[in-house]
Amino acid sequence: MASITGTFMPLLPNQSMVSCARISGPRSVSLSIKGRNFPSITSQPRGRRFQVVCAAKPETVQKVCDIVKKQLALPEGSDVTGESKFSTLGADSLDTVEIVMGLEEEFGISVEEESAQSITTVQEAADMIDNLLKTKA
């Protein structure tokens, strides 16, 4: 997937909060606001409403990438990112269950079976983990 990186130019003189924006697709953008990076914001149309969903923390995504690499015994230097699909990495349904079990152990969470079956990418797993950790706290 192609991505575009650019610098925000404020419309008004005092609108300099967003210093950098990266557009990853027609409905996804990454922002840097006042020096704080946010990995991505995705718009998801819901009927006539417009909803913005914030992605997981970068460190959560990295931990998930590491666990996926370990569970799938991927060679050193394999490129696993938030956009990586488990199926593309060679995972079957049993591998996905093992990945979820590894995530549960690493993060001290419990994932419901329905949620576990809906996870197809590293980013989805990281988002789910951050949401579970927020509700657990």
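Modeller: A nonpolar core is a set of buried Ala, Val, Leu, Ile, Met, Phe, Trp, Tyr and Cys residues joined through side-chain atoms within 4.5 Å. The model discussed here is predicted.

Biologist: Which residues touch the most other members of the largest nonpolar core?

Modeller: That core holds 23 residues. Helices H1, H2 and H4 each supply at least two of them. The residues that touch the most other members are Val64, Val68, Phe86, Leu103, Phe107, Val122 and Ile129.

Biologist: Which residues is Val64 in contact with, leaving aside its neighbours within four places in sequence?

Modeller: Contact means heavy atoms within 4.5 Å. With those neighbours left out, the partners of Val64 are Leu103, Phe107, Val122, Ala125, Ala126 and Ile129.

Biologist: In what order do the elements of the protein run from the N terminus on?

Modeller: The secondary structure comes to 4 helices and 5 strands. Read from the N terminus on, the order is β-β-β-β-β-α-α-α-α.

Biologist: How many Å should helix H2 span?

Modeller: Helix H2 covers residues 93-107, which makes 15 residues. The expected span is 1.5 Å times one less than the number of residues. The end C-alpha atoms of H2 lie 21 Å apart, which agrees with the expected span of 21 Å.

Biologist: Why are the buried residues of H2 on the same side of the helix?

Modeller: The buried residues of H2 are Asp95, Thr96, Ile99, Val100, Gly102, Leu103 and Phe107. They are on the same side of H2 because the arc they cover around the axis is only 160°.

Biologist: Which residues are exposed on the other side of H2, and what covers the buried ones?

Modeller: Exposed means over 50% relative accessible area. The cover over the buried residues of H2 includes helix H1 (58-71), helix H3 (113-118) and helix H4 (122-136). On the other side of H2, the exposed residues are Leu94 and Glu105.

Biologist: Which backbone nitrogen does a side-chain oxygen of Asp92 reach at the start of H2?

Modeller: The oxygen belongs to the side chain of Asp92, and it comes to within 3.1 Å of its partner. That partner is the backbone nitrogen of Leu94.

Biologist: Is Ser84 buried or exposed?

Modeller: Ser84 sits in the loop between H1 and H2. Not counting residues up to four places away in sequence, Ser84 touches Asp79, Leu89, Thr120, Thr121 and Val122. The cut-off for buried is under 20% relative accessible area. Ser84 has 11%, so Ser84 is buried.

Methods: Residues are numbered from 1 along each chain as its sequence is written. This is a predicted model: local features need pLDDT of at least 70, side-chain atom pairs count only at pLDDT 80 or more; totals for chains, interfaces and linings use all residues. Side-chain values use heavy atoms; hydrogens and water are left out. Helices (H or I, at least four residues) and strands (E, at least two) are DSSP runs, numbered from the N terminus. Buried means under 20% relative accessible area, exposed over 50%, partly exposed in between (1.4 Å probe, protein chains only). The arc is that of the directions from the helix axis to the C-beta atoms. A polar contact is a pair of N or O atoms within 3.5 Å; within protein, one must be able to donate a hydrogen and the other to accept it, and residues adjacent in sequence count only if both atoms are side-chain atoms.
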